[in-house]
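Colleague: I have a few questions about how the labels on this model were earned. Can you take them one at a time?

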Protein chains: 2
Amino acid sequence: MSVTIKDVAKKASVSPSTVSRVLADSDKISEKTKRKVRKVMNELGYHINYNARVLVQKSTKTIGIVMKHSASHSWHNPFFPEVLRGISTYCHQLDYSISLTTGESEESIYNEVVKMVNGKRIDGVIVLYSKKDDKVVPFLIEQQIPFVVIGKPMEHKNEIMYVDNDNVQAGKEATDFLINLGHENISFIGDNPDFQVIQDRVNGYKEALISHSLPCREEDIKYIKDNNDQSVVTELFSKNKIPTALVVSSDIQAVSILKILHEKGYKVPNDISLITFNKTFITDLAMPSLTTVNTQTYQLGYESSRCLIELINDPKMFKRSVIIPTIIESSDSHKKIN
Amino acid sequence: MSVTIKDVAKKASVSPSTVSRVLADSDKISEKTKRKVRKVMNELGYHINYNARVLVQKSTKTIGIVMKHSASHSWHNPFFPEVLRGISTYCHQLDYSISLTTGESEESIYNEVVKMVNGKRIDGVIVLYSKKDDKVVPFLIEQQIPFVVIGKPMEHKNEIMYVDNDNVQAGKEATDFLINLGHENISFIGDNPDFQVIQDRVNGYKEALISHSLPCREEDIKYIKDNNDQSVVTELFSKNKIPTALVVSSDIQAVSILKILHEKGYKVPNDISLITFNKTFITDLAMPSLTTVNTQTYQLGYESSRCLIELINDPKMFKRSVIIPTIIESSDSHKKIN
DNA sequence: CTGTTAGCGCATTCAT
DNA sequence: ATGAATGCGCTAACAG
C-alpha cells in the first residue's frame, strides 16, 4: 500500500517516533537526523496520512461552511463565490481545508451539518446566513462546537460570534444619500424579510426618513420573493404619489427592477433614482451602472475564517463580533432632483 | 471525551464488534440485539467517528472539487453555484461529502490538490475546467486517483473520463440559428481562448459558416479577457462591413457587450442580433432577454459526480464520457433580417 | 449469530 | 536526542 512512517523509519534506520518528530519539526531532533529522514521521505515518496493524524490529535484542520439551501433564489447571488474567496484565502494560509454543506432544503442542510459535527469531520463551522427559525445555530450552540455566523444572529446574540456589516447603518446611509439628493418620496424593496439583513436595512431606511422628518409609511416597503413578480413594482407605482427613488436590497434585484421600470417606461436615473446593496460584477454591467453600498463581501469571508480559527484554537475566548464597514460607491443610477 | 463503540458495547453487554456490525446494519446480527444496541446508542448519544472508520476502510466518502483560480474573471460566473448544486445533490444521495479547493493562482490550487490527494483526504476529484498547460490533471493521472473533468480534456482524452456538452455542435447550432434568420455577417466574441470550451465553440461557428458557404474570416473572431475592454467591439464595428449578428461565448460577456452596443447607439435586436451560451439568471434579467444555448449546467454537475462515484467504486471501469445535450432557448435578442 | 484479536498510521508518554 | 510501548476509534479476519 502506501508508504508509512514505519517504512521511512526502517530505511532511515531510526524509530517511527523519530520520523513522527521530524514531521512535527520537533526541536528535540538533531538537524542531522532530520536531514537524513527527510531525504528518505523524498526517496520513498512519503506523504502523511491526515486521517491517522486526526484520530490521535483530535483536530481535523477542516472547517465546515453552511450555505443557504439551493432552492433559495439567493443561491445564485454572487455574494457566495466572493465570500468563499475570502474564507478560503485565509484558510489556506493556515492550512485549513474547507468542507461544503449544501442541500435542496433547510432540513437536508441541517442533517448534513449534524453529520459533519457528530462525525467529527470538522473543527468549526461558518454559517453563511442568519435566518429566523433556523435549527443549525441552536444545534451548534448545544454541541459547543466553535462557529461564526456571517450576518447578525436573530437570537443568542451574546453567545455567538458573528461577522457582519452594520446593516442598519448601511440602510440609513443609503437612504440619506437619496435624501441629500433632494428625494422625499423614497420606497424600499427587499427580498425575503425572514433574513435579518433585510430587516436591518429596512430599519435603517426608516431611521433615515424619520430623522429627516419625512413620512415613513409601511406601504412604501415591499418584499419580492420571486424576481419575475412584477406586482410589487406595479403597486408602488400605481399610487397617486409615485416614488422618485428606490432603495433596493440587492443588486440582482435591482437589475430585475430596472427591467420592469424600463418596460413601464420609467427612466433611471431621470425619472427614478436607485441605490442598492452589495457590489458585484453585476453592479457595473447594469444599465445604467448601479450606485451601491459596497458591503465588502471578501472581507466578510476573510474575517469570519480568521475569527473561527482563533476560536478553534482558544474555545474559551471572548466572543467578540466584527463589523465590516460599508462604502457607498456612486455610479449612474441616481440623480439630484429639484 | 466522546462516546465510543466500547462504551456502547459495555452498557449493552455485547462486544465492540457487535456494535460495529450494528452500525453497518449487518444481516448477521439479530434484530433483537440490533434494537438493544441502538437503544443504548441513543441513551448515550453515540455518534460514529468517521475518521477512525476512514483509517481502516481507506475510503473517505469525500470528493474534492477543483475550481478555477479565483483571480480568473469567470470565477464569478453563475456556472459555478449551479454545477455545484448538481454535484452536491447527487453526492448527498450517496452520502458523500464535498471538499472544496480554491486558490488565488493556478500554483496554489495545484498545491492544495496535491495535499488533498497525498494526504488521503478524498476518494476522487472533479475538475471544473479544462485548460491547456494545466498541471492538475497530469498529477491526478500519475497518482491514479479517480477523477472526472467537466469539459473536454485538452490531452489524454482517452484515459480521462469527462462530462461535457458538445460545444462544437453547440457553436454550430447557435451560428446556424442566426444564419437561418438571414444573417450573413456574423462575428464571434469569446473570452479566454486557453479554455477548450471556447475553442470548440469557435470551431462550431466556423463549421456553420463554411457549410453555408459564407466567408469565414479570422478577423471576425475576437477574444475579450477583460470585460471593461471596449476595444474588441470597437474593432469589429469600425470595419466598413459591420456585423448584423454576434455569437457570444457567455451570458455575462453578452451583458457587457449589450452595454457597449447601447452606448455606441446600436439597438439589440433591431440593429444587431445576439446569441449566447449558458442559461443563468442573467439571461432573463438582461435587456433584452438573451437568446441562449442552454448548456444544462446542473446536469453537468450531477452527471459528473455520478460518473466519479461509479469510478471510485470500480477503478478499472471503462472510461466512458458523457455528453449533455444543449438546447437553444429563444428569447428577445435576435431578429430576422431581409 | 457473536466474541476475540489484530491492526489502520500516527502522536505521545515514558524510558534511556 | 532517540527508541519502545501504548492507544486514538473503528473494522475485519478468524474463531466458535
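Modeller: Start with pairing: two strands pair if DSSP finds at least two bridges between them. Keep in mind that this is a predicted model.

Colleague: What makes S2(A) and S2(B) a pair?

Modeller: The cut-off is at least two bridges. S2(A) and strand S2 (residues 97-101) of chain B have 3 bridges, in the antiparallel sense. Therefore they count as paired. Leu100(A), for instance, has Ile98(B) as its bridge partner in S2(B).

Colleague: How many residues of chain A are in contact with chain B?

Modeller: 40 residues of chain A are in contact with 40 residues of chain B. A contact here means C-beta atoms within 7 Å.

Colleague: Which elements of chain A give two or more residues to that side?

Modeller: They are H4, helix H5 (79-93), strand S2 (97-101), helix H6 (106-118), helix H11 (251-264) and helix H12 (281-285) of chain A. H5(A) gives the most, with 7 residues. By class, the side of chain A that touches chain B has 17 nonpolar, 17 polar and 6 charged residues.

Colleague: Why is Ala52(A) listed around DNA strand C?

Modeller: The test is a C-beta atom within 6 Å of the strand. Ala52(A) is among the closest of the 28 residues that surround DNA strand C, so it passes. Thr4(A), Ser17(A), Ser20(A) and Thr18(B) are also among the closest.

Colleague: Which helices supply at least two residues each to the surface near DNA strand C?

Modeller: Helix H2 (16-23) and helix H4 (50-57) of chain A, together with helix H2 (16-23) and helix H4 (50-57) of chain B. That surface has 14 nonpolar, 11 polar and 3 charged residues.

Colleague: And what about DNA strand D?

Modeller: 27 residues lie around DNA strand D. Ser17(A), Thr18(A), Ser17(B), Ser20(B) and Ala52(B) come nearest. H2 and H4 of chain A and H2 and H4 of chain B each supply at least two residues there. H4(B) has the largest share, 5 residues. The classes are 14 nonpolar, 11 polar and 2 charged.

Colleague: How do you know whether chain A matches a compact globule or departs from one?

Modeller: Set the radius of gyration against the globule rule. A compact globule of 338 residues would have a value near 20 Å, but chain A has 26 Å. Chain A therefore departs from the rule. The C-alpha atoms fill a box of roughly 90 × 35 × 35 Å along the principal axes.

Colleague: What share of chain A counts as buried?

Modeller: 48% of its 338 residues. To count, a residue needs 20 or more other C-beta atoms within 10 Å of its own.

Note on methods: Residues are numbered from 1 along each chain as its sequence is written. Chains are lettered from A and ligands numbered from 1 in the order in which they are written. This is a predicted model: local features need pLDDT of at least 70, side-chain atom pairs count only at pLDDT 80 or more; totals for chains, interfaces and linings use all residues. Helices (H or I, at least four residues) and strands (E, at least two) are DSSP runs, numbered from the N terminus. Ala, Val, Leu, Ile, Met, Phe, Trp, Tyr, Cys and Pro count as nonpolar, Asp, Glu, Lys and Arg as charged, and the others, Gly among them, as polar. Two residues are in contact if their C-beta atoms, placed from the backbone, lie within 7 Å. The radius of gyration is taken over C-alpha atoms; the globule rule is 2.2 Å times the number of residues to the power 0.38. A residue is buried if 20 or more other C-beta atoms lie within 10 Å of its own, exposed if 12 or fewer, and partly exposed in between; C-beta atoms are placed from the backbone.
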